[in-house]
Amino acid sequence: MPAALLLSYVLSIVLLIATPGPVVAYITQVALQQGRGMAWRTALGTSSGALVLMALAALVVGGVLVLHPQALAWLGLAGSGFLIVLAVGGLRAWGAAGRHSTTSAGAPTGRQGGWRRGFGVAVANPKDILFFAALFPQFLHAAANPLARLGLLAAIWVGLDLLILAGYIAAAQHPRVQRHQRVLTLWSLLALLAMALLAAAWSLQALWPQG
């Protein structure tokens, strides 16, 4: 891949990934409550989910998969529901922890729990398939081996994704941040809930447009 094209791709995805969204909000909350190890397991789950969405996007670009707008909207609504359940469960556990000074029961527990929930958060917005389907062709143009180029683009995405998430995890573990753990956890959960509600509203509007 030409260096200029590669640099353009890297800058594009850094700006996109670094912008806080459901994944960042959830992983920040996990890092604050459950620690670095669980946050990393969750991050690996979100990266795995992103790879699945990229694979589906490749099928769309190749004409193998056709996404019906209403089917996508229903999937988006289901994903929003999953995020809402996570956020509400986290908020309830946050309140219980404040009353009883116990470990939050709403955060993921166990090795697989963090990975599974991270994966679920990543695939909760199937509209990302369309995003990847729109992004990748710009960097696949005139590639001698499009499949190898697509693999390179996916590997770069995952590498930068984990690097940026590592920054959020490290920030959440900083002693100064940990002093305000409870307040920041609340804000992370409220942000996740707000983004989930907005996504649900967009899906409902697509299913039942006004007028």
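These legends accompany five close-up views of a predicted model.

**View 1. Thr46 sits within helix α3 and is buried**. Here we look at a residue of helix α3, which covers residues 36-61. Thr46 has a relative accessible area of 3%, and because buried means under 20%, it belongs in that class. Its side chain reaches the backbone oxygen of Ala43 at a distance of 2.7 Å. Leaving aside residues up to four places away in sequence, Thr46 touches Val23, Ile27, Gly118, Phe119, Ala122, Asp161 and Leu165.

**View 2. Trp115 and Phe119 form a stacked aromatic pair**. The model holds three aromatic pairs, and in this one the ring centres lie 5.3 Å apart with 20° between the planes. Both residues belong to helix α5 (residues 111-123), where they are four residues apart, about one turn of the helix. Trp115 is partly exposed, with a relative accessible area of 32%. Phe119 is also partly exposed, at 24%. You have met Phe119 already, as one of the residues that Thr46 touches.

**View 3. Phe132 and Trp157 form an edge-to-face pair**. Here the centres are 5.0 Å apart and the planes make an angle of 75°. Phe132 comes from helix α6 (residues 128-135) and Trp157 from helix α8 (residues 146-173), so the pair ties together parts that are 25 residues apart in sequence. Phe132 and Trp157 are both buried.

**View 4. The largest pocket has 29 lining residues**. The space in this pocket comes to about 780 Å³. Gly21, Pro22, Val23, Asn125 and Asp128 are the lining residues that lie nearest its centre. Two or more lining residues come from each of α1 (3-18), α2 (22-34), α3, α4 (69-100), α5, α6, α8 and α10. Of these, α10 gives the most, with five residues. Val23 links this view to the first one, since Val23 is among the residues that Thr46 touches.

**View 5. Helix α10 spans residues 181-207**. After its part in the pocket lining, here is the helix itself. Its 27 residues reach 39 Å from the first C-alpha to the last, close to the 39 Å expected at 1.5 Å a residue. Which residues of α10 are buried? They are Thr185, Ser188, Leu189, Leu192, Leu193, Ala196, Ala199, Ala200, Ser203 and Leu207.

Note on methods:
Residues numbered from 1 in each chain as written. Predicted model: local features only at pLDDT ≥ 70, side-chain atom pairs only at ≥ 80, totals over all residues. Heavy atoms only, no water. Buried < 20%, exposed > 50% of the residue type's maximum accessible area, 1.4 Å probe, protein only. Polar contact = N/O pair within 3.5 Å; in protein donor to acceptor, adjacent residues only side chain to side chain. Contact = heavy atoms within 4.5 Å. Expected span 1.5 Å × (residues − 1). Phe/Tyr/Trp six-rings, centres within 6.5 Å; stacked < 30°, edge-to-face > 60°. 1 Å grid on protein atoms, 1.4 Å probe; cavity = no way out; pocket = protein on both sides within 12 Å on 5 of 7 lines; lining within 4 Å. Points joined across faces, edges and corners; volume = space filled by probe spheres on them.
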